[in-house]
Amino acid sequence: MTEITRLFDFPYYQLENKPNTSAFVTKYNGKWTPISTKEYIDKANAISRALIKLGVQKNDKIAVISSTNRTEWNIMDIGVLQIGAQNIPIYPTICAEDYEYVLNHSESIYCFVSDEEVLEKVKKVQANTKLKEVYSFDYIEGCKHYSELFDLGKDKNNQSEVEDRKDAVKPEDLATIIYTSGTTGKPKGVMLSHKNITTNALDSGKRVPLPEYGETRVLSFLPICHIFERVLIYVYQYSGTSIYFAEALDKIGDNAKEIKPNLMSVVPRLLEKVFDKIMLKGEELSGIKKKLFYWAVELGEQWEPYGKNGSWYEFKLKIANKLIFSKWREALGGELGTMVSGSAALQPRLARVFGAAQMKVMEGYGLTETSPVVSVGMFRDNYYKVGTVGKPIDHVEVKIAEDGEILIKGPNVMMGYYKDPEKTSKVMSDDYFHTGDKGEIDTDGFLKITGRKKEMFKTSGGKYIIPTLLENDLKQSLFIEQVMVVGEGEKMPGAIIQPNFDFVRDWIEHKGHTIGTSDSEISASEIVINRIQQEVDKYNKNFGKWEQIKRFELTQDAWTIDDGHLTPTMKVKRSVIREKYDALYEKIYRP
């Protein structure tokens, strides 16, 4: 039996133990197209043979940039890794200049792109890089198609060299460099070994509720270039799960209805958007239907796991599930029992409402530098508590430093930052990785994240403010899409807020207000400002007087990844927001 110690062992393990005729399924020209475990391995071997014929050596770097998750990414991943080379995944949404930086810093010699949009960005900088060739997954005129490698690798005469290369790869060898989308400065290249990721996939996989037998369908749409989704893909391969790749972010609902997933990974921002849409639908109801809808939501907001609210509550919840929540499940395919959430803090209210609706959200915590999973909730065995990120997984030690910082030790901790021993030494001490996050472990062993160490600031009065706590509360408002709390060295905290323009437009129409509905008109409207003030007042009540938002300003544009407001994992780039909206900042403090 294949022992899994390197990333390319996962598909071979699946072939031996749980071969699947639909290992990966991607939609091409409107049709879901599966690939079997055997075909996946055969194609990966053809890629390996071709890359060797192209002169790719051990430790060469191959960049892969894909706008969406797709079968080809995974074939390339195994084809590259099993010859001792490294896969360099790059976020598709970063600018061409950042492409140039990552390609040069990693010294990538070949690049595989998904589509024309990505190709155009690469072509802008290709002459300034060491790239020998660019291949595309889509058929694009003037660009080599990646199927040319299947033709090149069709002849199996050098398969023995592939096998020798595979045998030579050690668990401690570098597997990938993942460039983190830092909120400041140039991206850092996180070096992760085969051992880092395989141990993390095997240890965190125990927490994922995947059945031993029968078909399980997973919908994958979070960027596979991010370690969170990538590790889950390895977990799913280990379990013999059928992995369906969503066409795009805005097609998730449609795709879910088509494939009826049992499980999917999410980020809190996506769940917030799903919930906002549900609430908008509720607003459109009238009479008894509207009353029932809001009764169910209110009931859901009180949900506690394991029947802790008692039999009368559970009886009412059964009614709410039958009348209201069943429709929510239907909108996501009807068979979704679990969602795994990562990358940012999840509002406890969302965890409760979706849990009540029988779509439990298991919140996890981790960083690229920890491969990534440190802890994750699991409904089985009482390993789940709302408001926490579960308990640490096997073989990972979590320690809380005296200043509250979370420190991590284990086989999942990175090899270091590529070409940057100085930055590596700054975050490591005695085998412990300093996360920069603050947290606490409760008496039951659950980890709770309380904020970012470096994002804390002091007001001029010497009071500490943890902006993320305020921001997470404020983002529960349907009127607020994004928010950044400011005020370091100032007399009180303030906030720069991006309204939820779509929701506000619907609200304006629903209320019959005679105000403009462009983004700039919404931001300037006294009616909208006063309504958002009500929301700020409501959430301020959860905090001490010194922490409360005293003034805020609204931005006239939406914060996006493409425009640089947000990282690819939807985190606010604080330095960018502060600089971009300096006039609003000055208006808050020096009106």
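Student: What makes Ser525 a cap for the N-terminal end of H19?

Tutor: In this predicted model, a side-chain oxygen of Ser525 lies 3.2 Å from the backbone nitrogen of Ile527. A polar contact requires a pair of N or O atoms within 3.5 Å, and the 3.2 Å between these two atoms meets that cut-off, so Ser525 is said to cap the N-terminal end of H19.

Student: How do you know that the span of H19 is close to the one expected at 1.5 Å a residue?

Tutor: Helix H19, residues 526-540, has 15 residues, and the expected span is 21 Å, whereas the model reaches 20 Å from the first C-alpha to the last.

Student: Why are the buried residues of H19 said to line one face of the helix?

Tutor: The buried residues are Val528, Ile532, Glu535, Val536, Tyr539 and Asn540. Seen down the axis of H19, they fall within an arc of 135 degrees, and therefore they line one face. The elements they pack against include helix H16 (467-474), strand E25 (480-486) and helix H17 (501-511).

Student: Why is the pair of Phe479 and Trp507 called edge-to-face?

Tutor: A search of the whole structure finds 23 aromatic pairs. In the pair of Phe479 and Trp507, the ring centres are 5.4 Å apart and the planes stand at 80 degrees. Rings pair if their centres lie within 6.5 Å, and planes over 60 degrees apart count as edge-to-face, so this pair earns that name. Phe479 lies in the loop between H16 and E25 while Trp507 lies in helix H17, so the pair ties together parts that are 28 residues apart in sequence. Phe479 and Trp507 are both buried.

Student: Why, then, is the pair of Tyr585 and Tyr589 called tilted?

Tutor: Their ring centres are 4.9 Å apart and their planes are at 50 degrees. Stacked needs planes under 30 degrees apart and edge-to-face needs over 60, so a pair at 50 degrees counts as tilted. Both tyrosines lie in helix H21 (residues 582-589), four residues apart, which is about one turn of the helix.

Student: What makes Tyr585 count as buried?

Tutor: Its relative accessibility is 5%, and buried means under 20%, so Tyr585 falls within the class. Tyr589, with a relative accessible area of 10%, is buried by that cut-off too.

Student: How do you know that Thr71 is buried?

Tutor: The relative accessible area of Thr71 is 5%, which is under 20%, so Thr71 is classed as buried. Thr71 lies in helix H3 (residues 71-81), and, not counting residues up to four places away in sequence, it touches Phe24, Val25, Thr26, Tyr28, Ile35 and Phe245.

Student: What puts the buried residues of H12 on the same side of that helix?

Tutor: Phe293, Ala296, Val297, Leu299 and Gly300 are buried in H12. They cover an arc of only 160 degrees around the axis, which puts them on the same side, whereas Gly287, Ile288, Lys291 and Glu298 are exposed on the other side. The buried residues pack against helix H11 (268-284), helix H13 (311-331) and helix H14 (348-356). Phe293 also belongs to a cluster, linked by ring pairs, with Phe275, Tyr294, Phe325, Trp328 and Phe354.

Student: How do you know that strands E21 and E22 pair?

Tutor: Two strands pair if there are at least two bridges between them, and five bridges join E21 (residues 432-441) to E22 (residues 447-452), so the antiparallel strands satisfy the requirement. Ile441 stands opposite Leu447 in E22, and in the hairpin, which has five residues between the strands, Gly445 takes a positive phi near 90 degrees.

How values were computed: Residues are numbered from 1 along each chain as its sequence is written. This is a predicted model: local features need pLDDT of at least 70, side-chain atom pairs count only at pLDDT 80 or more; totals for chains, interfaces and linings use all residues. Side-chain values use heavy atoms; hydrogens and water are left out. The expected span of a helix is 1.5 Å times one less than its number of residues. Buried means under 20% relative accessible area, exposed over 50%, partly exposed in between (1.4 Å probe, protein chains only). The arc is that of the directions from the helix axis to the C-beta atoms. Contact means heavy atoms within 4.5 Å. A polar contact is a pair of N or O atoms within 3.5 Å; within protein, one must be able to donate a hydrogen and the other to accept it, and residues adjacent in sequence count only if both atoms are side-chain atoms. Rings of Phe, Tyr and Trp (its six-membered ring) pair if their centres lie within 6.5 Å; planes under 30 degrees apart count as stacked, over 60 as edge-to-face and the rest as tilted.
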